[in-house]
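Colleague: Please take a close look at the covered parts of this model, strand by strand and helix by helix. I should like one connected account, with the local backbone geometry included.

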Amino acid sequence: MSAPTENLHSLPGGLRLPANKRLSNATQIIDVPVPTHLVVPLQQHSGETSLATVSVGDAVLHGSVIGEPEGAVGTYVHAPTSGSVISIEARQLPRRGEPHGICVIIESDGHDRRKTSTPPAKDRTALLAAVHAAGIVGLGGAVYPAAQKITQGLLSGIETVILNGVECESYITCDDRLMREQPTAVIRGLETLLDLTDAKRGIIAVESDKPEAWQALRDVGSRDSRVEFVQIPAIYPSGAEDQLIYLVCGQEVPSGGLPGDLGILVQNVGTSAAITALVDSGHPLTSRIVTVTGEGVERPGNYRVRFGTPIADVVAAAGGYNSNAHRLLVGGPMTGFALTDDALPVTKSCNCLLVTGPAVQLSNEPRRECIRCGECAAHCPVRLLPQSLYHYSSRHDHAVLAELGLKDCIECGCCDLVCPSHIPLTQIFRDAKHSVAVDSHAKQRALRAEDRYRAHIARAESRSAVVADAREQKKRAASADAIAAIVQRRRPKQSNDREV
């Protein structure tokens, strides 16, 4: 069953970008050899950093738990191969924000011995627990723990499950190759999610510039009548979660809300395939497909990489850098970020390593004043007013920024690309969000401090009242004793002489 493209809803804004997909999607997925040392971060997911469950000197097997979740949002971390733990320390990581994190460094023994595992039971409780224990997260980039996302959706009831195979950003093709080579795993993962959630509708959304992936999925098909296949127009950023929901369902996720509020669950096709692997073998998530591409690498393609593998090893497996190599990015050209060190490890969020040539550059023209042309607003897929956000970001007016919906900016970069004044709007909005978060955190700390101070004063006043009451009672007792003594002294003495 399929839904034609003309039945979809129109995405506001967006851009038609050069795809640049053929650089990497023409060859099959290749396994990158296990490196001598793997640097496995204990936070490769949204939420709290996991706690190390191993110590230096411990032997581990492929799939052994080396980190367990702490806090409301978190997941398990597993050893990507067999070997021994030689260090647990802070290392630099390929991510925005906090650039360092605690990592477990494993020295491979070269045997890649797996920990014995069994497929989980089919009932909902056991399967959800298994997804959580397997460390499965959203592999589209957000890396939110899959089991917790499903559980949150179940609280409000899930009517529709959407598998995101859109992959709208230029250069990235890891989902494309996965759908071509493992369509059965992708579809079975969706069927498992439908059974887990009792959803009435399951949709696999594929962008129209992936005809081979579309055909592979359609050829396999599904016996489940709830499953549909939908082609999405090749418009960036149609693969963003909220935008995909609007395209397919015509429903808008409210500001500050979640897809679960609409009865919708969205998961990446890579996450779906990981769930199928878990159901079949019980194996946890220890690797992912990474696109290695760009004019600066010898053999662009897609590679299956163990988490913790140095990026340099992945690039080497792709033939290494060539003479055109100019800049290394994690992610695509719109949402990715540059690295200066390729010794950093691959994590669950790393879907692409883009090695650009000198021609793939942001404009070198100087930044000019905003002319309020409105191009940024016309192309914003969230219907924001970037020119106004820019104006109030420069004033650090957090109250107005909140009213204008700064938190709803998805940092897609469309406004950057169309701005004739070459203003780095996305980075400005990212900095403004950080400033708002810091200000909010400071206010919360101040409120907590005020609450503690008020509680301290209340306790002090209470203690003072108790002491004053005790003193008053002691004073009254002393006064009573003094009065009793005076009365006793004034009382006439009785004579013992008998009257004659």
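Modeller: In this predicted model, 45% of the 500 residues of the protein chain count as buried. The chain contains 13 helices and 18 strands. Its radius of gyration is 31 Å, against a value near 23 Å for a compact globule of 500 residues. The C-alpha trace spans about 140 × 65 × 50 Å along the principal axes. Among the contacts with a separation of 6 or more, 73% join residues that lie 24 or more positions apart.

Strand 14 is the element to examine in detail. Covering residues 287-293, strand 14 is mostly covered, with 7 of its 7 residues buried. Its residues point in two directions: Ser287, Ile289, Thr291 and Thr293 go one way, while Arg288, Val290 and Val292 go the other. Residues on both sides are buried, Arg288 included.

Two strands pair with strand 14. Strand 15, residues 301-306, runs antiparallel to strand 14 and is joined to it by 6 bridges. In that pairing, Val292 stands opposite Gly301. Strand 18, residues 352-356, is joined to strand 14 by 3 bridges, and here the two strands run parallel. Thr293 of strand 14 faces Leu354 of strand 18. Val292 and Thr293 point opposite ways from strand 14; the partner of Val292 lies in strand 15, and that of Thr293 in strand 18.

Two helices may be considered next. The axes of helix 4 (residues 183-197) and helix 7 (residues 269-281) come within 7 Å and cross at roughly 80°. Because of that crossing angle, helix 4 is roughly perpendicular to helix 7. On the side of helix 4, the contact is made by Ala185, Val186, Arg188, Gly189, Leu190, Thr192 and Leu193; helix 7 contributes Val269, Ser272, Ala273, Ile275, Thr276, Val279 and Asp280. By class, the residues of this contact comprise 8 nonpolar, 4 polar and 2 charged.

Helix 3, residues 174-181, has 6 of its 8 residues buried and is therefore largely enclosed by the rest of the structure. The buried residues are Cys174, Asp175, Asp176, Arg177, Leu178 and Met179. Acidic and basic side chains thus appear in this buried set, namely Asp175, Asp176 and Arg177.

The loops beside these helices hold two backbone exceptions. In general, most residues other than glycine have a negative phi, and most peptide bonds are trans. Tyr171, which is not a glycine, has a positive phi of about 80°. Its place is the loop between strand 10 (160-165) and helix 3. Tyr171 counts as buried because its relative accessibility is 4%, below the 20% cut-off. Asp198 likewise has a positive phi, of about 60°, and is not a glycine. Asp198 lies in the loop between helix 4 and strand 11 (201-207). In contrast to the buried Tyr171, Asp198 is exposed, with a relative accessible area of 53%.

A further exception concerns a peptide bond. The bond from Tyr236 to Pro237 is cis, with omega near 5°. Pro237 belongs to the loop that connects strand 12 (227-232) with helix 6 (241-249).

Two open sheets complete the account. One of them has 4 strands in the order 3-9-8-5, with antiparallel pairing. At its edges stand strand 3 (37-41) and strand 5 (59-60); each has a single partner strand, so one side of each is left without a neighbour in the sheet. Strand 3 pairs with strand 9 (residues 100-108) in the antiparallel sense, over 5 bridges. Within that pair, Pro41 has Cys103 as its bridge partner.

The other open sheet consists of 3 strands in the order 4-6-7, and its pairing is antiparallel. Strand 4 (51-52) and strand 7 (77-78) are the edge strands, each pairing on one side only. Between strand 4 and strand 6 (residues 65-68), 2 bridges support an antiparallel pairing. Ala52 finds its bridge partner in strand 6 at Gly67.

Terms used: Residues numbered from 1 in each chain as written. Predicted model: local features only at pLDDT ≥ 70, side-chain atom pairs only at ≥ 80, totals over all residues. Heavy atoms only, no water. Buried < 20%, exposed > 50% of the residue type's maximum accessible area, 1.4 Å probe, protein only. Pairing = 2+ DSSP bridges. Axes fitted to C-alpha atoms, helices over the stretch in contact; angles between N-to-C directions. Parallel < 35°, antiparallel > 145°, perpendicular 65-115°, else oblique. Contact = heavy atoms within 4.5 Å. Nonpolar A, V, L, I, M, F, W, Y, C, P; charged D, E, K, R; others polar. Rg over C-alpha atoms; globule rule 2.2 N^0.38 Å.
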